[in-house]
Amino acid sequence: MSDILVHTEAGVMTLTFNRLDKKNSITGEMYGVLADALATAEQSSEVRAVLIQGDATIFSAGNDIGDFLNKPPSSGESSVFRFLRGIASFPKPIVAAVCGPAVGIGTTLLFHCDLVYAGDNAAFSMPFVNLGLCPEAASSLLVPQMFGYHRAAEALLLGEPFMAEAALEVGLVNRVVPPTEANGIAQAQARKLAAKPLSVLIEIKRLMKKSQLPQLLERMGEEGESFARMLREPAAREAFTAFMEKRRPDFSKL
Ligand code: COA
């Protein structure tokens, strides 16, 4: 079975992380599937909204660390950057259902969704600092804007996780729901969107995002360059090796 399930019904393309044994961590190949699915969804008249979901226990543990270590993204054409640009500039509505851990890109991709429904077990984190990396997905721009600088610093400089209620308070999620109901509620909301006039949805979303999109794409590019460079530097190598060896990283000399 594929690690990303793609299913279109009633105008909604549903993308489901389906790699539960590895906590839905995302490999380069999976980013490729996600990027291609978004490109198809953008073109297809059958798709009027997209839903991104995991299951009731886990959304995503973020980048597959082993995959990143072995095949670091080297250019803007890497599948991860293709996916990030695709989701940031996707013209139709995107809904997400998030339960359990949403780590790294599992959280930052949500900044590019239009509606987010979280299970009350959702745990968001952007622990880039603990991995010797900088934020991605324009989160260095979007997190301070949404959270306020000091809460952003807690999330990005300390890499501290935050739970569903805190995410609701800062406006990252629309509603907190029982985990077993999250995917169903998000699907119902996506179908409501799919019943609206598509050209009008596209125009409203374009107008809401218009002033920020160029700045956001520029920041994403800058973060991408730093991220790719930092992946090869000692702090990230120590963090990733420690993860594979199931020990705490030692940053004392870095
Ligand atoms: N990349 C690769 N493998 C991962 C992974 C990741 N990001 N996250 C989890 N896995 C793997 C584990 O290595 C483990 O594999 P194994 O069974 O072969 O040993 C399996 O998934 C289960 O993970 P485990 O840590 O035992 O599950 P948990 O329920 O105790 O914790 C998380 C879940 C998500 C909190 C925890 O796995 C985690 O913190 N993962 C790393 C997140 C991270 O730093 N992501 C990078 C962001 S850029």
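# Pockets, a cavity and some residues worth asking about

User: Which residues lie nearest the centre of the second largest pocket, and how many line it?

Analyst: There are 18 lining residues, and Phe 111, His 112, Cys 113, Met 146 and Lys 209 are the ones nearest the centre. Two or more lining residues come from each of helix H5 (139–147), helix H9 (198–209) and helix H10 (213–231). H5 has the largest share, with three residues. Helices here are DSSP runs of H or I with at least four residues, strands are runs of E with at least two, and both are numbered from the N terminus.

One thing before we go on: this is a predicted model, in which local features need pLDDT of at least 70, side-chain atom pairs need 80 or more, and totals for chains, interfaces and linings use all residues. Residues are numbered from 1 along each chain as its sequence is written, and side-chain values use heavy atoms, leaving out hydrogens and water.

User: What makes something a pocket and something else a cavity?

Analyst: It's about whether a probe can get out. On a 1 Å grid over the protein atoms alone, a cavity is a set of points where a 1.4 Å probe fits but can't leave, while a pocket is an open set with protein on both sides within 12 Å along at least five of seven lines; a lining residue has an atom within 4 Å of a point. Points are joined across faces, edges and corners, and the volume is the space filled by probe spheres set on them.

User: How much space lies in the second largest pocket, and how much in the largest?

Analyst: The second largest pocket holds about 370 Å³, and the largest pocket about 780 Å³. The largest pocket has 31 lining residues, with Ala 61, Asn 63, Ile 65, Leu 131 and Phe 243 nearest its centre. Helix H2 (65–70) and helix H11 (234–244) each supply at least two of the lining residues, and H11 gives the most, five.

User: How do the two linings divide by class?

Analyst: The largest pocket's lining has 16 nonpolar, six polar and nine charged residues. For the second largest pocket, the split is eleven nonpolar, five polar and two charged. Nonpolar means Ala, Val, Leu, Ile, Met, Phe, Trp, Tyr, Cys or Pro; charged means Asp, Glu, Lys or Arg; the others, Gly among them, count as polar.

User: What about cavities: how many of 30 Å³ or more does the structure hold?

Analyst: Just one of that size or more. The largest cavity has about 40 Å³ of space. Its lining includes Tyr 31, Phe 68, Val 80 and Glu 136, and helix H3 (residues 79–88) gives the most, three residues. By class, that lining is eight nonpolar, one polar and one charged.

User: At what angle do the axes of H5 and H10 cross, and what is that kind of crossing called?

Analyst: They come within 8 Å and cross at roughly 125°. That makes H5 oblique to H10, because under 35 degrees is roughly parallel, over 145 roughly antiparallel, 65 to 115 roughly perpendicular and the rest oblique. On the H5 side, Ser 139, Ser 140, Leu 141 and Leu 142 make the contact; on the H10 side, Gln 215, Leu 216, Arg 219 and Glu 223 do (contact means heavy atoms within 4.5 Å). Those contact residues are three nonpolar, three polar and two charged.

User: Why is Gly 159 called buried?

Analyst: Its relative accessible area is 7%. Buried means under 20%, exposed over 50%, and partly exposed in between (1.4 Å probe, protein chains only), so Gly 159 counts as buried. Gly 159 sits in the loop between helix H6 (149–156) and strand S8 (162–163). Met 126 is 33 residues away in sequence but 5.6 Å away in space, C-alpha to C-alpha.

User: Ala 138 and Lys 246: which is buried and which is exposed?

Analyst: Ala 138 has a relative accessible area of 0%, so it is buried. Lys 246 has 78%, so it is exposed. Ala 138 lies in the loop between strand S7 (123–125) and H5, while Lys 246 is in the segment after H11.

User: What makes their phi values worth a look?

Analyst: Both are positive in a residue other than glycine: near 65° for Ala 138 and near 55° for Lys 246.

User: And which residues of H11 are buried?

Analyst: Ala 236, Glu 238, Ala 239, Phe 240 and Ala 242. The buried residues of H11 pack against H2 and H10.

Methods. Axes fitted to C-alpha atoms, helices over the stretch in contact; angles between N-to-C directions.
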